[in-house]
Amino acid sequence: MGSFLHAVEDEMLCSSVMPDKVPYFNANIYLQNKSVIGRVDEILGPINEVYFSVKMGEGMVASSFKKGDKVYIAGDKLLPIERFLPKPKIVGMWLSFVPMTWLHHANVLNRSH
C-alpha cells in the first residue's frame with residue numbers, strides 16, 4: 001500500500017505506492033508479517049499523489065521506521081481512485097437502452113421538441 005516517509009509527532013507519514021487506490025479511513029495498516037502497526041488517520045495530497053498518516057497502535061513508535069519501509073493494507077480496505085474523480089456527463093444515454101426499432105415505430109426520432 002505505501003512507503004514510510006517520516007514520523008510526524010507520534011504518527012507515520014506514508015506515500016501511496018498504488019496510484020489507482022485510496023485507503024479507507026481507520027483501516028488497519030500492517031507490516032509484511034501481518035502485525036498491525038496502526039490505523040489510517042488522514043489522507044492527504046492531490047489525487048495523483050496520495051499520502052496518508054498512520055495513527056500508531058499500542059507499543060508502536062513511528063520514529064523506529066526508516067524511510068522507504070513498506071506498509072500494507074487489506075485489499076478490501078481500498079477504494080478505486082475513480083470514486084474521487086468527477087463523473088463525466090453523458091447526454092442521450094437513455095437511447096442506448098431503447099432498441100432503435102422502437103424509436104422508429106414510435107416516431108420519436110422524427111418529432112421536433
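A residue is classed as buried when its relative accessible area is under 20%, as exposed when that value is over 50%, and as partly exposed in between. The classification is applied here to a predicted model. By this criterion, 27% of the 113 residues of the chain count as buried.

The secondary structure comprises one helix and eight strands. Along the sequence the elements follow the pattern β-β-β-β-β-β-β-β-α. Six strands are assembled into an open sheet, in the order β4-β5-β6-β2-β1-β7, with antiparallel pairing. The edge positions are taken by β4 (28–30) and β7, each of which has a single partner strand, so one side of each is left without a neighbour in the sheet. In general, strands of a sheet pair through backbone hydrogen bonds, in either a parallel or an antiparallel arrangement.

Within this sheet, strand β2 (residues 11–16) pairs with β6 in the antiparallel sense, and the pairing extends over five bridges. S15 is positioned opposite Y51, a residue of β6. S16 also belongs to strand β2. The relative accessibility of S16 is 19%, and S16 therefore counts as buried, the limit being under 20%. A polar atom of the S16 side chain lies 3.1 Å from the backbone nitrogen of M18.

Aromatic contacts were examined next. A search of the whole structure returns one aromatic pair. The ring centres of F4 and F65 are 5.9 Å apart and the ring planes stand at 45°, so the pair is tilted. The pair connects distant parts of the chain, with the two positions 61 residues apart in numbering: F4 is in strand β1 (residues 2–8), whereas F65 is in the loop between β6 (51–56) and β7 (70–71). F4 has a relative accessible area of 3% and is therefore buried. F65, at 15% relative accessibility, also counts as buried, because the class covers values under 20%.

On the surface, a nonpolar patch is formed by I47, F84 and L85. Together these residues contribute about 250 Å² of accessible area. L85 is located in the loop between β8 (78–80) and α1 (100–105). With a relative accessible area of 36%, L85 is partly exposed, because this value falls between the 20% and 50% limits.

Notes: Residues numbered from 1 in each chain as written. Predicted model: local features only at pLDDT ≥ 70, side-chain atom pairs only at ≥ 80, totals over all residues. Heavy atoms only, no water. Patch = residues over 30% accessible without salt bridge, like charges linked within 9 Å, V, L, I, M, F, W, Y side chains within 5 Å. Areas by Shrake-Rupley, 256 points an atom, 1.4 Å probe, with all protein chains shown as cover. Salt bridge = Lys/Arg side-chain N within 4 Å of Asp/Glu carboxyl O. Helix = DSSP H or I, 4+ residues; strand = E, 2+ residues; numbered from the N terminus. Buried < 20%, exposed > 50% of the residue type's maximum accessible area, 1.4 Å probe, protein only. Phe/Tyr/Trp six-rings, centres within 6.5 Å; stacked < 30°, edge-to-face > 60°. Pairing = 2+ DSSP bridges. Polar contact = N/O pair within 3.5 Å; in protein donor to acceptor, adjacent residues only side chain to side chain.
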